[in-house]
Amino acid sequence: MPGSLDRLQGYLARLDEQADLARLEAILTDARVRDDLLLRDLGCYCQFCDKAYARNLVCESRWHQLYVMCWRPGQASSVHDHRGSACAFRVLTGECTEVRFEREDAGVVRPVSSVVYETGFVCATEDDDIHMIANRSASENLVTLHCYSPALTTWNEYETDDAALGSFLRTAACSPVIATRTRGAAPSTS
Ligand SMILES: [Fe+2]
């Protein structure tokens with residue numbers, strides 16, 4: 001029987017159109033998926049960076065990208081969308097905080113929810129969802145496995161009011177005003 005990584009990569013490699021997000025989510029949530037085995041099989045991609053969270057590319061085609069993302073305590077992504085790529089990810093170890101945002105007017109978004117995902121949790125997001133991912137642990141690393149379909153080549157990032165965002169994370173108050181900019185193909189960190 002193929003392992004979790006083989007099933008996932010087999011599905012991704014056969015894609016000739018955008019992945020079905022529900023199917024991708026189902027593969028990642030399959031009861032046979034074991035995080036310890038995925039971490040073992042993906043061990044060579046578990047590379048951290050002290051400056052920012054690290055995006056380690058496992059495989060890609062026109063229709064998918066598979067990344068192992070490694071987050072030191074306190075590291076976070078930008079506030080971003082996925083501009084045409086659906087995304088599903090699984091927490092392989094650690095605690096993952098996702099903050100989701102909603103558009104108010106052109107170029108303006110505000111945070112609306114903050115959720116902590118434990119090891120083994122799978123999250124699926126549509127292409128125009130706006131979110132940020134963070135490792136808010138004081139001491140534990142976070143490793144996540146991200147699938148994008150089709151390959152994510154451009155996306156929008158949003159300027160944040162750090163003080164207001166911090167306030168939101170603590171109190172669920174919503175006040176930041178955020179402006180859009182577009183970014184190009186993924187660097188090793190962003
Ligand atoms: Fe994302």
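Start by selecting the five strands that make up an open sheet in this predicted model. Reading across, the order is β1-β2-β9-β4-β7, with antiparallel pairing. Now colour the two edges: β1 (54-61) and β7 (122-125) each have a pairing partner on one side only. On average, and ignoring direction, neighbouring strands here are turned by 15 degrees against each other.

Next, zoom in on β4 (residues 86-93) and β9 (residues 142-149). These two run antiparallel, and seven bridges join them. For one pair to label, pick Thr93, whose bridge partner in β9 is Val143.

Now follow the chain to Ser149 and Pro150, and check omega on the peptide bond between them: the bond is cis, with omega at about -10 degrees. Pro150 sits in the loop between β9 and β10. Worth keeping in mind: most peptide bonds are trans, and most residues other than glycine have a negative phi.

On the subject of phi, jump to Arg83. This residue isn't a glycine, yet its phi is positive, about 40 degrees. You'll find Arg83 in the loop between β3 (79-80) and β4. Is Arg83 buried, exposed or partly exposed? Arg83 has 14 other C-beta atoms within 10 Å, so it counts as partly exposed.

Last stop: Glu159, in the loop between β10 (155-158) and α4 (162-171). With 15 other C-beta atoms within 10 Å, Glu159 is partly exposed. Add Val79 to the selection and draw a C-alpha to C-alpha distance: Glu159 and Val79 are 7.3 Å apart in space, with their positions 80 residues apart in sequence.

Technical notes
Residues are numbered from 1 along each chain as its sequence is written. This is a predicted model: local features need pLDDT of at least 70, side-chain atom pairs count only at pLDDT 80 or more; totals for chains, interfaces and linings use all residues. Two strands pair if DSSP finds at least two bridges between them. Helices (H or I, at least four residues) and strands (E, at least two) are DSSP runs, numbered from the N terminus. Axes are lines fitted to C-alpha atoms, for helices over the stretch in contact, and angles run from 0 to 180 degrees between N-to-C directions. A residue is buried if 20 or more other C-beta atoms lie within 10 Å of its own, exposed if 12 or fewer, and partly exposed in between; C-beta atoms are placed from the backbone.
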